[in-house]
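Biologist: I would like a close look at one part of this structure, its nonpolar core. Please go slowly, and then place that part among what surrounds it.

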Amino acid sequence: VKEDTLRLFHSNLEGCTISYYPIDLEMLFTRSPFALAGSNIFAGVKPVATQTVTFDGAETQRDFPLPEEFASNHVVIKVEAAGISRTAIHYASNLVAQLVARYGQVQVTARAAGTPLPKVYVKVFAQLQSGETLFYRDGYTDLRGRFDYASSSTMDVGDVAQFAILVISEEHGAKVLTTPPPA
């Protein structure tokens with residue numbers, strides 16, 4: 001999914017089914033911060049909408065605009081064909097969240113202007129080496145649009161296997177990132 005377009009790559013398929021699951025991103029992230037990277041987060045849940053697509057035998061790639069009702073919402077998109085399913089998340093977002101992994105920071109900027117976005121809420125969960133998932137920290141980006149996700153006064157970053165980071169703004173949308181701790 002890029003912008004408001006779903007791009008499908010295929011070979012030797014006659015068609016596929018595309019299912020749409022609108023989500024409350026912050027609630028889903030808080031309940032299970034690492035589940036968004038998984039492919040079965042909606043097993044047994046009925047989609048809000050489905051679309052059946054047939055392919056021309058010669059094409060190997062096809063772009064689909066997201067249906068209008070989903071373009072401005074966070075939505076999980078599931079594509080199923082030939083017994084295989086893949087999921088992707090469309091984040092309704094006008095922000096760019098980039099990791100500055102070396103320093104354990106996330107940089108948040110406006111997509112169009114590239115300017116830093118201060119006061120954007122960031123929530124961080126850690127998956128520990130033991131497999132346990134814990135709330136790690138939260139806060140807001142500074143005037144440079146940066147937030148230090150790896151520092152904590154109560155936990156050693158050496159115990160962390162990976163971080164799940166939610167960046168969310170009422171005005172600019174949201175993104176979820178996962179990353180190992182800084183070296």
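Modeller: A nonpolar core is a set of buried Ala, Val, Leu, Ile, Met, Phe, Trp, Tyr and Cys residues joined through side-chain atoms within 4.5 Å. Buried here means under 20% relative accessible area. Keep in mind that this is a predicted model.

The largest nonpolar core has 21 residues, and the members that touch the most others are V106, V124, Y149, F163, I165 and V167. Four elements give two or more residues to this core: β7 (95-100), β8 (105-110), β9 and β12 (160-169). Separate from it is another core of 15 residues, including Y21, F29, V76 and Y121.

Take V106 as a place to stand. Leaving out residues up to four places away in sequence, V106 touches A97, Q98, L99, V122, G145, R146, F147, Y149, V167 and L177. Two names in that list, Y149 and V167, also belong to the group of core residues that touch the most other members.

Now follow β9, one of the contributors to the largest core. Strand β9 covers residues 121-128 and is joined by seven bridges to strand β10, residues 133-140; the two run antiparallel. In this pairing F125 is placed opposite F135 of β10. Four residues separate β9 and β10, which form a hairpin, and G131 in the turn has a positive phi of about 100°. In a regular strand, side chains alternate between the two faces of the sheet.

Strand β9 also takes part in a salt bridge. Side chains of opposite charge can pair when their charged atoms come close. E26 and K123 form such a bridge, with N and O 3.5 Å apart. E26 belongs to helix α1 (residues 25-31) and K123 to β9, so this pair ties together parts that are 97 residues apart in sequence. K123 is buried, because its relative accessible area is 10% and the limit for that label is under 20%. E26, at 30%, counts as partly exposed.

Three salt bridges are found in the whole structure. One of them joins D142 and R144, whose closest N and O atoms are 2.8 Å apart. Both count as partly exposed, R144 with a relative accessible area of 47% and D142 with 27%. In another, the side chains of K78 and E80 meet at 4.0 Å, N to O. K78 is buried at 13%, whereas E80 is partly exposed at 34%.

The loop that leads from β8 to β9 holds K119. Most residues other than glycine have a negative phi. K119 departs from this, with a positive phi near 65°. K119 is also exposed, with a relative accessible area of 70%. The loop between β5 and β6 has a residue of this kind too, A82. Phi of A82 is positive, near 50°, and A82 is exposed at 68%.

Those two strands lead to the last stop, the largest pocket, which holds about 330 Å³ of space. Its lining has 19 residues, and L8, F9, L13, V79 and R86 are the closest to its centre. β1 (5-9), β5 (75-81) and β6 (84-90) each supply at least two residues of the lining. β6 gives the most, five residues.

Definitions and conventions:
Residues are numbered from 1 along each chain as its sequence is written. This is a predicted model: local features need pLDDT of at least 70, side-chain atom pairs count only at pLDDT 80 or more; totals for chains, interfaces and linings use all residues. Side-chain values use heavy atoms; hydrogens and water are left out. Two strands pair if DSSP finds at least two bridges between them. Buried means under 20% relative accessible area, exposed over 50%, partly exposed in between (1.4 Å probe, protein chains only). Contact means heavy atoms within 4.5 Å. On a 1 Å grid over the protein atoms alone, a cavity is a set of points where a 1.4 Å probe fits but cannot get out, and a pocket is an open set with protein on both sides within 12 Å along at least five of seven lines; lining residues have an atom within 4 Å of a point. Grid points are joined across faces, edges and corners, and a volume is the space filled by probe spheres set on the points.
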